[in-house]
Amino acid sequence: MFGKSSEKFSGEQLSLFNEAELYSDLKKEEPEKEEIKYIRNKSSKKNTKKENLSELERVTIHHKLEENERQCDCCSTPMDFIGTTSKEILKYIPAKLYVEEHINYSYACKSCQPEEEKTNIITSKAPNTLLSKSMASNEILSHVISLKYLYALPLYRQENYFKMLGLSLSRQTLSNWIVRAANEFELIYKIMKKELLKRNYIQADETTLKVLEKNGDESRTKHYMWLYKSGTNINPIILYEYQRTRSGTNPKNFLEKFSGYLQTDGYAGYNRVKNVKQLYCLAHIRRKFHDIVITLSKEAREESLAYKGFVYCEKLYKIEKELREKYSKNDDYFDIRYNVRLEKSAPIIDEFIEFINANIYNSLGQSALGRALEYAKNHVPNFKIFLEDGSLEIDNNASERAIKPFIIGRKNWLFCKTEKGAKASSIIYSIMETAKANKLMVEKYLENVTNFVYE
């Protein structure tokens, strides 16, 4: 890829014009054709057009013929109505900006004026908005926030977007709107956090974030966005928290009032959290063995200790998949999962631990296999805790999926200009991702939240 380029012709290269002559052989017989039949599941027509359009506003237009058009072409007799047919068309209304001017009228009682020291005056009220001293309506504010945090559209692109709609909005203005909105949304954030800490199962993760210093230079130290998510999908809550460091004091302080199961990727910083049971993630244990297995040939793989360790993890995942496919819609799903895990998963984990202990001392400590076995030895005992409760998940993948929207957004806007902006992002991401997890229409939900906060 990085070598010198050359225009020299090689005999191994083929000309586009003599390829057919070079490879043709008229004496060679045509290969026999083999007909292969297979069976595949027919795609379900449920959850398609009808259900997909059910949430949209519907406008019905009736197309009737005038009386003079309902005359028979043959005998001129009026024709009778015999039925209807319908056709659904998905319409789109392009984005449109307009100014809504609110004029308040004031009224005074002139009868009371001579007798009273103060004149009795009443004034009509205009609709409330979240940013009362701004021209931003709740609707456009929700739209700007959704574009940035839901669709990862940076503010400089939004600036061009609004120009195409006929309005000049600077990045500074848009940024001020978002930060001020986040300050107002902090009330919602605190309510969500209070509710999250009441749960008995939380998953946590963290990722890096670039924040500029006051002089405009990029910070030399890594900043972090922490994520805390309720463990089950029952009324899920997802919270982000911005912090300057990856210190264990951050989760310790955030989860100070929490007691229950805390599932993480095994980062030692979470060990500082008190009054919790540390539950580790099987996906991270499996990944250590998987990274070795994919480098091996098929022959070497079968005899590899890394492959045997990987197979133990796969057996556990297979049980989880079967449980999910058969029983996930049952009301007693967690109870079923608890009992089946004790019956099927527990013996596999015990065998896995025996396998680790039997082979760890025969492996080189600094080799990939040695590191994988050492990691498994340190984390499998705490991973085994997932057998205690059927609501606990086998891995921490749900939290990694929850933090992914932030990572995708980070690739577009690259950094936060200030710590204030990073904190604002954490609050808004929390509200939006929680709304998504609860299957709400996010932008519409934001409009409702703005009204709630103001009231």
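## A tour by selection

Start with helix α4, residues 155-164; N160 lies in this helix. The model you have open is predicted. Is N160 buried, exposed or in between? N160 is partly exposed, because its relative accessible area is 43% and that class runs between 20% and 50%.

Keep N160 selected and add S170. The two are 10 residues apart in sequence. Their C-alpha atoms are 9.3 Å apart in space.

**Helix α13**

Next, select residues 419-437, which form helix α13. Pick out S425 within this helix. S425 has 3% relative accessibility, so it counts as buried; the cut-off for buried is under 20%. Which residue does the side chain of S425 touch through a polar contact? Show Y149: the two side chains make a polar contact at 3.1 Å.

**Strand β3 and its partners**

Now go to residues 201-209, strand β3. Eight of the nine residues here are buried, so β3 is largely enclosed by the rest of the structure.

Add residues 223-230, strand β4. How do β3 and β4 run relative to each other, parallel or antiparallel? They run antiparallel, and eight bridges join them. For one of these pairings, select Q203: its bridge partner in β4 is K229.

Then bring in strand β6, residues 260-264. β3 and β6 run parallel, joined by three bridges. Select I202 and L262 to see this pairing: I202 stands opposite L262 in β6.

While the strands are on screen, check the side chains. In a regular strand they alternate between the two faces of the sheet.

**Strand β6 and onward to β7**

Stay on β6. How many of its five residues are buried? Five of the five are, and the strand is mostly covered.

Add residues 276-280, strand β7. β6 and β7 pair in the parallel sense, over five bridges. Select T264 and Y280 next: T264 stands opposite Y280 in β7. β6 thus has a bridged partner in β3 and another in β7.

**Last stop: confidence**

Colour the model by pLDDT. The mean for the protein is 84. Of its residues, 84% reach 70 or more. Where is confidence lowest, and where is it highest? The lowest is in helix α1, residues 19-23, at a mean of 39. The highest is in helix α6, residues 249-254, at 96. Finish by selecting residues 4-27, where the pLDDT is below 50. Beyond near neighbours in sequence, this stretch has four contacts in the model.

Technical notes: Residues numbered from 1 in each chain as written. Predicted model: local features only at pLDDT ≥ 70, side-chain atom pairs only at ≥ 80, totals over all residues. Heavy atoms only, no water. Buried < 20%, exposed > 50% of the residue type's maximum accessible area, 1.4 Å probe, protein only. Helix = DSSP H or I, 4+ residues; strand = E, 2+ residues; numbered from the N terminus. Pairing = 2+ DSSP bridges. pLDDT = per-residue confidence, 0-100. Contact = heavy atoms within 4.5 Å. Polar contact = N/O pair within 3.5 Å; in protein donor to acceptor, adjacent residues only side chain to side chain.
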